[in-house]
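Me: I'd like a close look at one part of this protein rather than a full tour. Could you take me through its inside, and tie the rest to that as you go?

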Amino acid sequence: QVLVLESGGGLVQAGGSLRLSCTASGRTFGGYAWGWFRQAPGKERDFLASIDWSGDATYADSVKGRFTISRGDVVNTVYLQLNNLKPEDTAVYYCAVAVDVATIRRGFGSWGQGTQVTVSS
C-alpha cells in the first residue's frame, strides 16, 4: 500500500515563502509522476503543478513564476517551493503520485492528507 505524506505547511505573511515536501512509501517511485493541488474552504480542489518521470514540469497559470515543483535527491520525495505568497494562496495543499500526470490530473493515484498553508495579509 502506498502512503503519501505532505509536510512543510504553516502560517506565513504575505510575500513570504514556504517549501512543502511530499514523501511516498510502499514501492519504488522512480518512474512515477507527482502532482500538487490545493483546496480552499468552500472551493473545489485546484491543480497547481506536476512533474513527470523525466522531470518535465507543468504549472497552473495562477502559480506560474511563483511556485516551483522539483524532485528530491531520492526517488520518493517531491517538493513544492512557494514564493511571494498571497492571502488567496491560503488552502490545504495536497500531493499525489501516480503512474503518469494524466492519472493525477483526473484525480486518481495515491494522495496524502494535506498540509495547511495560511497566508496573512
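Which residues have the most contacts inside the largest nonpolar core, and how many residues does that core have?

Reply: Happy to, with one caution up front: this is a predicted model, so read everything below as computed from it.

The largest nonpolar core has 37 residues, and those with the most contacts inside it are W34, W36, F67, L80, L82, Y93 and V97. The elements that give two or more residues to this core are strand 3 (18–25), strand 4 (33–39), strand 5 (46–51), strand 7 (67–71), strand 8 (77–82), strand 9 (91–98) and strand 11 (115–120). Strand 9 gives the largest share, seven residues. As a rule of thumb, nonpolar side chains in soluble globular proteins tend to be buried together.

Strand 4 is a good place to zoom in. Six of its seven residues are buried, so you can think of this strand as mostly covered. On one hand, strand 4 pairs with strand 9: the two run antiparallel and are joined by seven bridges. Within that pairing, G35 has A96 of strand 9 as its bridge partner. On the other hand, strand 4 also runs antiparallel to strand 5, with five bridges between them. Here W34 stands opposite I51 in strand 5. Strands 4 and 5 make a hairpin with six residues between them, and in its turn G42 has a positive phi of about 75°.

Now for the disulfide, which leads back to strand 9. There is one in the count, formed by C22 and C95, with their sulfur atoms 2.0 Å apart. C22 sits in strand 3 and C95 in strand 9, so the pair ties together parts that are 73 residues apart in sequence. The torsion about the S-S bond is about -85°, which makes this disulfide left-handed. As for cover, C22 is at 0% relative accessibility and therefore counts as buried; C95, also at 0%, counts as buried too.

A couple of spots outside the strands deserve a look. T103 belongs to helix 1 (residues 101–105), and its 13% relative accessibility puts T103 among the buried residues, because the cut-off is under 20%. Setting aside neighbours within four places in sequence, T103 touches A98, F108 and G109. For a sense of distance, the C-alpha atoms of T103 and S7 are separated by 23 Å, and the two residues are 96 apart along the chain.

The other spot is N84, in the loop between strand 8 and strand 9. N84 has a phi near 50°, a positive value in a residue other than glycine. Most residues other than glycine have a negative phi. With a relative accessible area of 42%, N84 is partly exposed.

Stepping back, the protein has one helix and eleven strands, and along the sequence they follow the pattern β-β-β-β-β-β-β-β-β-α-β-β. Of its 121 residues, 43% count as buried. Among contacts between residues at least 6 apart in sequence, 56% join residues at least 24 apart. The C-alpha trace spans about 40 × 25 × 25 Å along its principal axes. The radius of gyration is 13 Å, which agrees with the value near 14 Å for a compact globule with 121 residues. On the outside, the accessible surface comes to about 6300 Å², and 48% of it belongs to carbon and sulfur atoms.

Note on methods:
Residues numbered from 1 in each chain as written. Predicted model: local features only at pLDDT ≥ 70, side-chain atom pairs only at ≥ 80, totals over all residues. Heavy atoms only, no water. Core = buried A, V, L, I, M, F, W, Y, C linked by side-chain atoms within 4.5 Å. Buried < 20%, exposed > 50% of the residue type's maximum accessible area, 1.4 Å probe, protein only. Helix = DSSP H or I, 4+ residues; strand = E, 2+ residues; numbered from the N terminus. Disulfide = S-S within 2.5 Å. Contact = heavy atoms within 4.5 Å. Rg over C-alpha atoms; globule rule 2.2 N^0.38 Å. Areas by Shrake-Rupley, 256 points an atom, 1.4 Å probe, with all protein chains shown as cover. Pairing = 2+ DSSP bridges.
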